[in-house]
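Q: I'd like a close look at one part of this model, the spot where two helices pack against each other. Could you walk me through that contact, and then show me what else is worth seeing around the fold?

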Amino acid sequence: MKYNRLVHPILFIGLLFSFSCKNSEKYDNPESQKIHTYDNSNTYSVEKIQAVPAENIRNIIFMIGDGMGLMHAYSAWTANKGHLNIENCNYVGLAKTYCSDNLITDSAASGTAMSTGQKTKKGYVGVDSTGNSLKSICEYASEANMSTGVISSCRLTDATPATFAVENIDRDKSDEIAAAYVDCGIDFILGGGLKYFSTLLPEFENKGYQVATSMEDLDVIEKGKVFAPIAENDMGKPSERKDQLWQGTKKALDILSKDEDGFFLMVEGSMIDDYGHFNELLTLMEEIYDFDQTVGKVFNWATEHPGTLVIVTADHETGGLTLLNGDLEEGKIECNFSTKSHSGVMVPVYSFGPGAEKFSGIYENTDLFYKMTEALNIEINQ
């Protein structure tokens, strides 16, 4: 009679075996998931770069691969036959990305966490969870007489660059965000989104900015404040924009490094996120390679300018990417995406240069703000 309330052992084993077989079939059968294949015929070489020690940190270059999780980097490393520039980092940490109202963050909340040191709601830009203004690291750096810069390969009104420059409770208020840039005080601004700024360009000039709407315009500028919306919307795929991310970064470094008090520069490889959302593996890899090659050139610049700390991270992971198979010698990968949205995994934090060791470990994404301001000896008063 006791088996009236319990599953008979033999029946239980049978059910367990049946369940296991069904799940094995579901997850092991390639027909049950779409396999995305990338065969890299255009690998690039990577040199070993050693960071130069320095007693004081004068400059920080903060590089964000939007949506670039650890599996993105490892898949790109495999497809590039075992080479990425970010491997020159001696220290690696992990950052927790959840925001104040959701386990799965977005670029607005995560960007705000990294730029201000405060968790906030999804969609909030540069403000706390109740909508109160927060001071960004760019503002703090400016108050410390340092120069500041923001670079993005997408439109400047997008969430990540905006969190370092302006404040708004809605990341989609593009016109309001564009107008707020006029008074942001950042010294070097480059990205896309000209369509949002076209009527505001005279106001930027009145604020002392030299306006450049193309790379040709930018090339002739050698000093002073720069506002450069060089694309109508986003800056296009790497095959279209070529090396604009590095050329824009190099121009920023040339100008900002003239400041004897040092500088803070944020550089975003924006559209890693887009092609994670699209589950488009080929262009996703191209975006990561464009970002990684810019990272390598920034590392080289840092070695030539002692006292420069470089941090490379992501705001969140996009696409739930999994590396299923591949060939390291051939540069071939087979991947699967589990979502067309963001996932909740921790993101890697790579650090290069003096003070890099302080970015190892596991911590909140808000800690990046405090670690960077501490490295620059900036006192926080919020």
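A: Let's start with the residues that touch: Ala113, Met114, Ser115 and Thr116 in H3 meet Leu368, Phe369 and Met372 in H14. Sorted by class, this contact between H3 and H14 has five nonpolar and two polar residues, and no charged ones. Keep in mind that you're looking at a predicted model.

Now for the geometry. Two packed helices are described by the angle between their axes and the distance between those axes. Here, H3 covers residues 107-116 and H14 covers residues 367-375, and their axes come within 5 Å and cross at roughly 25°. Angles under 35 degrees count as roughly parallel, so H3 is roughly parallel to H14. As for handedness, H3 passes H14 in a right-handed crossing.

Next, the sheet. Three strands form an open sheet in the order S1-S12-S11, and the pairing is antiparallel. The edges belong to S1 (36-39) and S11 (321-327), each with a single partner strand, so one side of each has no neighbour in the sheet. On average, neighbouring strands here are turned by 25° against each other, direction ignored. If you want to zoom in on one pairing, try S11 with S12 (residues 332-337): the two run antiparallel and are joined by six bridges. Within that pairing, Asn325 stands opposite Glu334 in S12.

Two helices pack on this sheet. One of them is H2 (residues 70-79), which touches S1, S11 and S12, and its direction makes about 15° with that of S11. Helix H13 (residues 281-304) also packs on the sheet and touches S1, S11 and S12; its direction makes about 50° with that of S1.

Finally, a loop residue. Lys223 sits in the loop between helix H9 (215-219) and strand S7 (226-231). Its relative accessible area is 61%, and since over 50% counts as exposed, Lys223 is exposed. Even so, Lys223 has some contacts: setting aside neighbours within four places in sequence, Lys223 touches Gln210, Ile255 and Lys258. To place this loop relative to another point in the chain, take Thr37: Lys223 and Thr37 are 186 residues apart in sequence and 45 Å apart in space, C-alpha to C-alpha.

Key
Residues are numbered from 1 along each chain as its sequence is written. This is a predicted model: local features need pLDDT of at least 70, side-chain atom pairs count only at pLDDT 80 or more; totals for chains, interfaces and linings use all residues. Side-chain values use heavy atoms; hydrogens and water are left out. Two strands pair if DSSP finds at least two bridges between them. Helices (H or I, at least four residues) and strands (E, at least two) are DSSP runs, numbered from the N terminus. Axes are lines fitted to C-alpha atoms, for helices over the stretch in contact, and angles run from 0 to 180 degrees between N-to-C directions. Contact means heavy atoms within 4.5 Å. Buried means under 20% relative accessible area, exposed over 50%, partly exposed in between (1.4 Å probe, protein chains only). Angles under 35 degrees count as roughly parallel, over 145 as roughly antiparallel, 65 to 115 as roughly perpendicular and the rest as oblique. A crossing is left-handed if the near helix is turned anticlockwise from the far one by less than a right angle, and right-handed if clockwise. Ala, Val, Leu, Ile, Met, Phe, Trp, Tyr, Cys and Pro count as nonpolar, Asp, Glu, Lys and Arg as charged, and the others, Gly among them, as polar.
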